[in-house]
Amino acid sequence: MDYDLFQSDDDEDILNAFLAATQTDKQQVNTTVCLPSEQQSAHNEYTAVLPEFNCSGRESRVQDFRNDSFIGLGYGLHELPPCTKLDNLMFGFDPGQLQVRAVMSFLLSDACKNVQKFYSTVVEQQHLRSAQTQIDWYKARQQVTHCYHLLLHDEFMELHWPVLREPVTYLRELLNNILDAGTWRVLYFAEHSKGNECQAPAYHFYHGALEWRMLDLYLILKYEVHGQELQEAQQIFYDQLERTLDELILCASYFHHSKHKVELLHSSAFVCPCIKEFWMLLQRLLPMWSYQLSTLMPPEEAEFWPLFDRAMYRYKTQLDSSKDLACHEFHAWLRLSLVRLSAQWKQEESIPSSEVLQIAACLKEFLNCQPDEQQRRVYLCLLAPLQLQFGRPNSDVLCHIWEHMHRSINCSLTIVGSRMQELPKTCASGSAYLERYRKLLGKQQLDDLNLGSFTLFVLLLGKSLQLLGHSNQVQKVLGRIFSKFSAAKMLALNEQGIHQVIELFLSLLLSYCDFAELAPKLREMMLCMSLDKLPPNRRLVTAKGHMALLLLHVERQVPVDEYVKKLLAQLKKVQNDLDVASVFVAALQPIYKQTCDFSHGEHLLISSWLVHYVEHSEQAAQDRVWETLHLIFERIRELQVPNAGVQDMWQALQDHILPLLRLQYVSSYSTWLPKLSADFCLKDGKLLPGFLHGTPANMAANAQLLLHVLEDQHADKQSGGIILTDAVIIQVWVKSLVLLTPHHEAVIALTPHVQQLSEFQALHIEPSALETREPLCAFFRALDLHVQDNAHVRMQLSNKLHAYVHNFELWLPPERIHAERPELVTRFYSFIAIVIYNCAPLAYVRSKPSCFFHLALSRFLLPTSLQTGTPPKGRLPQMMHKIFPVLLQGIGRLPYKTDAYLGWTLQKLLLHWTPYFRNLTNAKLVSRPYASILQTDVEGQLSQFVLEKLMAQFLVVQQRQAGPNTGLVVTILQQLINGLEDVPSTEQQASGEAQLLTLLKAAHQPLLEHVMFVDENAHSRILVLELYRALISHRIFQRSSTIRDAFAADICTLAKKHMAHCTYFFFQMLFKISELVPALVAPLLPFVKNEAQIVEQKRGPGVDVGIRKCLQKLQQVLQTAMPKN
């Protein structure tokens, strides 16, 4: 490029001018310039700063303009710029020299050279070899800009304008030629956060071009157009204005191409604040400039938005992009940015209507291009602010979108390949639908591209209805929407279509001003999709839609009785389908949370379908139902004065829920059942005994029920008058301690209530006693301590005891014992033993089959199956073995010797349970119950009775053969003997002697008889003899003469009893005993001989050879055994 093209040849003239200007008195030179005199009155202040664009980086939508910017210095407030002092021009000339025409011509030619340098360096990428690094690009830009300021603000320029018009026009044409599309493609992004301190030539070229375009428009207006009506001058101004708009739109289009679609919603179309300021200046100035184009067009057509629309039309025509969806998207983006710019800088009065913005026409063109889903979403998000925030909504826009969208209502409006395509399309429940669209409608802006285009439309529709109110435009839109639906069209909807119809209807109902007018129409349209005519998936979505509408009806307090009846009729047609019913159930809780007083037909939802659902659903689903029903009772209690609606609800609960609850309370484990049962009991106190009777599957249910009743009874003013006696509360507490554990949370919570009862306090139980491992022991022991000789008092205590354990046989029925956990069965049997041990005189009532003692024996301890020989199952023998000594000791406190039933019971316990103890792990463990009785029975009567019954039952010999349990009994005796301790304490020695003496009294004679009559080779005979060896070698036996005397006395007794009839067997036994303890038998020899003589006399005269031989052998055995000992 020729950089000397604009070099002046009049150097001599310039030099003369310098000299003349220098000689002029500088005091006479007025360096302050201003507007022409006719505008001076409008500007009383002068700006001392020459405005310029000073960039601050990428544009922010909330960024303010600088104080030294064009806007900040008052540009745009009037047709022409404000007065400005020209003190800091970048020319190097004195003010007087600048008034020389030749100097101005030189400056203009130099400005052209600077423009050429910018172009060559930035666009053509030519490196200026003439010291490029020394070029001050900011100064070069300022020189051009200050030329324009000098022409605008120096009043003497008007005198020279005829001469300066040509170089100024030349500069304009130069800029027009070089600022083409290619140049702007290079310049449009040349912003920088350092502003004018940046040294990049592209930055200064870009911002200088913006300055030159703006100042050039002012220049044309001032010198060519202002005050004249020449069509040619106005045409020049109009052409330059159009060119400027075209260039601004071109820059914005380049910026649009660099953006992702998501970024468009959160950014403006302005690259930097400078170009935004340029747009702002045009928006402010064009309404004032429009009257200067009167010969070309009416003023209203020369304002900003008509000119902008024509510029956009030129842009589309030049690019042949009228059918380009990206171009429509760009148009919407730029238009929105400009409207926001007007609104941001407090120019609401300049915000045009939707008709001026041509929103509907542009939208129709866009939709005619068949956009895809992503393009629709972006366009609707860009359209929404214009429709909702800036001006009144346009019903034509809504109609155009509906006409386009209803054709694809059955389509899945997802973006192919996106992750959102894999997400479920429908909401989880009716309340989720309602909550979702209420939340979406409450958002200030629609800028979520994750929402489908149909969703964006219904939100735009809903927000528009809220703004339009009850106008004709609303009726027009509703009429257009309803015209597209019919019964056949509704049944033809697929799952996605039903979902989108729900979206539409909810948006209408949430936004329309008259809910009662619109709701019946929409619900009837929904009811056209009869559930029995839809496949399963569509049924579920339709049911969710119904529940959302129903919930909205309840919120608005609109009667729902007819709607509910129709819904339940459709549900009945599909045989109360569980999936559909689950949708109904999910909506119940939100519905009853919103209901006011149950006076709008809400009770109709509690009917047989709910019972069917609970009976056929899992526990988690049942819990949701119970929780909802509990909520109903809470809402009923909140009403101070029950009304007819509450009565209808209570009747529905009694008819349908109460029978179901009674069954579920017994068989289900839900923690909600005690709460709900308490609700019923608080409403009707007569129901409480029925719930407390028996044992639910949830062992803690009764305690939890009672807790809820106790805690809520005082707070509930509508309580049904529950009368809770101390006995009932204690009975539930005892039952809970049996079936649960003392550390269970329900027992811990119930215990303080029990401690406050008068009957409990009368027992004087220490609180620490209840903190032990087994509080039941402390309780029943305290009850037994109050037993007196007075029969009346004893009977009162017995009645109390039976009240506390009332129906205990139902707590753990015998048929359920084998199915329950071993820990629970153990606790139950331990409870029986605790009661019998501590309160035997109270638990047993003679001739009363319903007393605790008889029921415990007949149902659990001695059931018929055990007495008939059926072996007990599971771990029952181990549990009985554990409580056996306690049971026997408890019975021992009763008159078992005089009361035939008690004696029979004690005997049967020993008879039927002892054989099953043989399966325990070791002999010591087997004998533990009997050892315990032997050790604790001070008088020895019970232990002797027990051992006598054992010997009589299990040491029986038939046909010289021992019974099957002989070895067990012998083993027990062996362990009893081994367990006797020989201690130095005199008191304990006496105890050991007494125990061994008791054992001998009960077992010695049966053992000797067993040795007599059993076969000599029988194993049991060997065991018994081994037992005698252990007995004879025991220190207590050796030390105690009383025991030895008793031992000898028993031998003498057997001699009298059996020598006459069983001589041989007797002497055989005596031989074995003599071998074991000859020192004890030898003193008995005279007695034996004497008894032998008596026998001989009874048999007749003469000597019995057999007896004589036995006596001789006895003597021989004694003689043989004595030395050994």
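These are my notebook entries on a few helix pairs, a nonpolar core and some single residues.

**Before starting.** I'm working with a predicted model.

**Entry 1: helix 6 and helix 9.** I began by looking up how helix 6 sits against helix 9 (residues 273-289). Their axes come within 11 Å and cross at roughly 10°. Angles under 35 degrees count as roughly parallel, so I wrote down helix 6 as roughly parallel to helix 9. Then I listed who touches whom. From helix 6 I got Tyr-206, His-207, Leu-210, Arg-213, Met-214, Leu-217, Tyr-218 and Leu-221. Across from them, helix 9 brings Cys-274, Ile-275, Phe-278, Leu-281, Leu-282, Leu-285 and Trp-289. Sorted by class, this contact has 13 nonpolar residues, one polar and one charged.

**Entry 2: the largest nonpolar core.** Which residues touch the most other members of this core? I found Trp-279, Leu-504, Trp-733, Phe-780, Phe-808 and Phe-831, out of 401 residues in the core. Helix 6 (residues 201-225) turned up again here: it gives the most to this core, with 15 residues. A note to self from class: nonpolar side chains tend to be buried together in soluble globular proteins.

I picked Leu-504 for a closer look. Skipping neighbours within four places in sequence, I see Leu-504 in contact with Trp-402, Phe-454, Phe-457, Val-458, Leu-461, Ile-481 and Phe-485.

**Entry 3: helix 25 and helix 27.** Next I looked up helix 25 (residues 608-615) and helix 27 (residues 644-667). They pack at an angle of about 15°, and their axes are 9 Å apart. That angle makes helix 25 roughly parallel to helix 27. I noted the crossing of helix 25 past helix 27 as right-handed. On the helix 25 side, I have Ser-608, Leu-610, Val-611, Val-614 and Glu-615. They meet His-656, Ile-657, Leu-660 and Gln-664 of helix 27. The classes here are five nonpolar, three polar and one charged.

**Entry 4: helix 44 and helix 45.** Are helix 44 and helix 45 roughly parallel or roughly antiparallel? The axes of helix 44 (residues 941-954) and helix 45 (residues 966-979) come within 9 Å and cross at roughly 150°. Anything over 145 degrees counts as roughly antiparallel, so that's my label for helix 44 against helix 45. Helix 44 passes helix 45 in a left-handed crossing. Leu-947, Leu-950, Met-951 and Phe-954 in helix 44 meet Thr-966, Val-969, Leu-973 and Leu-976 in helix 45. I sorted this contact too, and it has seven nonpolar, one polar and no charged residues.

**Entry 5: Met-1012.** Is Met-1012 buried or exposed? It lies in helix 46 (residues 986-1013). Its relative accessible area is 2%, and buried means under 20%, so Met-1012 is buried. Leaving out neighbours within four places in sequence, I found Met-1012 in contact with Arg-960, His-1058, Cys-1062, Phe-1065, Phe-1066 and Met-1069. I also checked it against Leu-281, one of the helix 9 residues from Entry 1. The C-alpha atoms of Met-1012 and Leu-281 are separated by 134 Å, with their places 731 residues apart along the chain.

**Entry 6: Ile-723.** Last lookup: Ile-723 is in the loop between helix 30 (701-713) and helix 31 (726-739). Its relative accessibility is 74%, and exposed means over 50%, so Ile-723 goes down as exposed. I took one distance here as well. The C-alpha atoms of Ile-723 and Pro-273 are separated by 81 Å, and the two residues are 450 residues apart along the chain.

Note on methods: Residues are numbered from 1 along each chain as its sequence is written. This is a predicted model: local features need pLDDT of at least 70, side-chain atom pairs count only at pLDDT 80 or more; totals for chains, interfaces and linings use all residues. Side-chain values use heavy atoms; hydrogens and water are left out. Axes are lines fitted to C-alpha atoms, for helices over the stretch in contact, and angles run from 0 to 180 degrees between N-to-C directions. Helices (H or I, at least four residues) and strands (E, at least two) are DSSP runs, numbered from the N terminus. Angles under 35 degrees count as roughly parallel, over 145 as roughly antiparallel, 65 to 115 as roughly perpendicular and the rest as oblique. A crossing is left-handed if the near helix is turned anticlockwise from the far one by less than a right angle, and right-handed if clockwise. Contact means heavy atoms within 4.5 Å. Ala, Val, Leu, Ile, Met, Phe, Trp, Tyr, Cys and Pro count as nonpolar, Asp, Glu, Lys and Arg as charged, and the others, Gly among them, as polar. A nonpolar core is a set of buried Ala, Val, Leu, Ile, Met, Phe, Trp, Tyr and Cys residues joined through side-chain atoms within 4.5 Å. Buried means under 20% relative accessible area, exposed over 50%, partly exposed in between (1.4 Å probe, protein chains only).
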